[in-house]
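This briefing introduces one protein structure to a reader who has not met it before. Please keep the sequence and the structure in view while reading.

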Amino acid sequence: MLDDELLMTHQQELRRGTVVLACLLILRKPNYGYALLDLLERSGFAVDANTLYPLLRRLEKQGLLTSDWNTDESRPRKFYRTSDLGEELAETLSHDWDELHAAFHTLKGES
């Protein structure tokens, strides 16, 4: 039987790269960090805020996201959006994901 810690470690490794793609896809429409956390969780990506916010800063620094502050409400919020470069990466990664998905089905004996 699988040890819980072993399982969690490998699940985390499996999901680590997929969160980047998920963020790029979701942020095709502008959104702020807390709402993104909620959307990710409802979509099946359990991500901790301590993981997400550094990821958003890194993706912005890489030019994959843009951001703007919305100060219209009482609490200012930083809204992120996928940049043109991020959109290009999302398309490429989505294509790679589809190929990997098909490869896994083949490995599992499913056509």
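The points below cover the annotated domain, the sheet, the surface patch and the salt bridges. The structure is a predicted model. UniProt, in an unreviewed entry, places the feature "domain: Transcription regulator PadR N-terminal" at residues 26–89.

**Annotated region**
- Over residues 26–89, helix accounts for 47% of the chain and strand for 22%.
- The C-alpha atoms at the two ends of this stretch are 13 Å apart.

**Sheet**
- Three strands form an open sheet in the order β1-β3-β2, and their pairing is antiparallel.
- Strands β1 (31–32) and β2 (65–70) stand at the edges with a single partner strand each, so one side of each has no neighbour in the sheet.
- Strand β3 (residues 77–82) runs antiparallel to β2, and six bridges join the two.
- Within this pairing, L65 stands opposite T82 in β3.

**Nonpolar surface patch**
- L2, L6 and L7 make up a nonpolar patch on the surface, and together they have about 260 Å² of accessible area.
- L7 belongs to helix α1 (residues 4–26).
- L7 counts as partly exposed because its relative accessibility is 34%, which falls between the limits of 20% for buried and 50% for exposed.

**Salt bridge within helix α1**
- The whole structure contains seven salt bridges, one of which joins R16 to E13, with the closest N and O atoms 2.7 Å apart.
- Both R16 and E13 lie in helix α1, three residues apart, which is about one turn of the helix.
- R16 is partly exposed at 47% relative accessibility, and E13 is partly exposed at 49%.

**Salt bridges between separate elements**
- R28 and E91 meet through their side chains in a salt bridge of 2.7 Å, N to O.
- R28 lies in the loop between α1 and β1, while E91 lies in helix α4 (residues 84–107), so this pair ties together parts that are 63 residues apart in sequence.
- R28 counts as partly exposed at 32% relative accessibility, as does E91 with a relative accessible area of 45%.
- K78 and E60 form a salt bridge through their side chains, at 3.3 Å from N to O.
- Because K78 is in strand β3 and E60 is in helix α3 (residues 49–61), the pair ties together parts that are 18 residues apart in sequence.
- K78 is partly exposed, with a relative accessible area of 22%, and E60 is partly exposed at 24% relative accessibility.
- R28, E87 and E91 are joined into one network by salt bridges that share partners.

Definitions and conventions. Residues are numbered from 1 along each chain as its sequence is written. This is a predicted model: local features need pLDDT of at least 70, side-chain atom pairs count only at pLDDT 80 or more; totals for chains, interfaces and linings use all residues. Side-chain values use heavy atoms; hydrogens and water are left out. UniProt positions are given in the numbering used here, feature names are shortened, and annotations may be inferred rather than shown by experiment. Helices (H or I, at least four residues) and strands (E, at least two) are DSSP runs, numbered from the N terminus. Patches are made of residues with over 30% relative accessible area and no salt bridge: like charges are joined within 9 Å, nonpolar side chains (Val, Leu, Ile, Met, Phe, Trp, Tyr) within 5 Å. Accessible areas come from the Shrake-Rupley method with a 1.4 Å probe; for residues, only the protein chains shown count as cover. A salt bridge is a side-chain nitrogen of Lys or Arg within 4 Å of a carboxyl oxygen of Asp or Glu. Buried means under 20% relative accessible area, exposed over 50%, partly exposed in between (1.4 Å probe, protein chains only). Two strands pair if DSSP finds at least two bridges between them.
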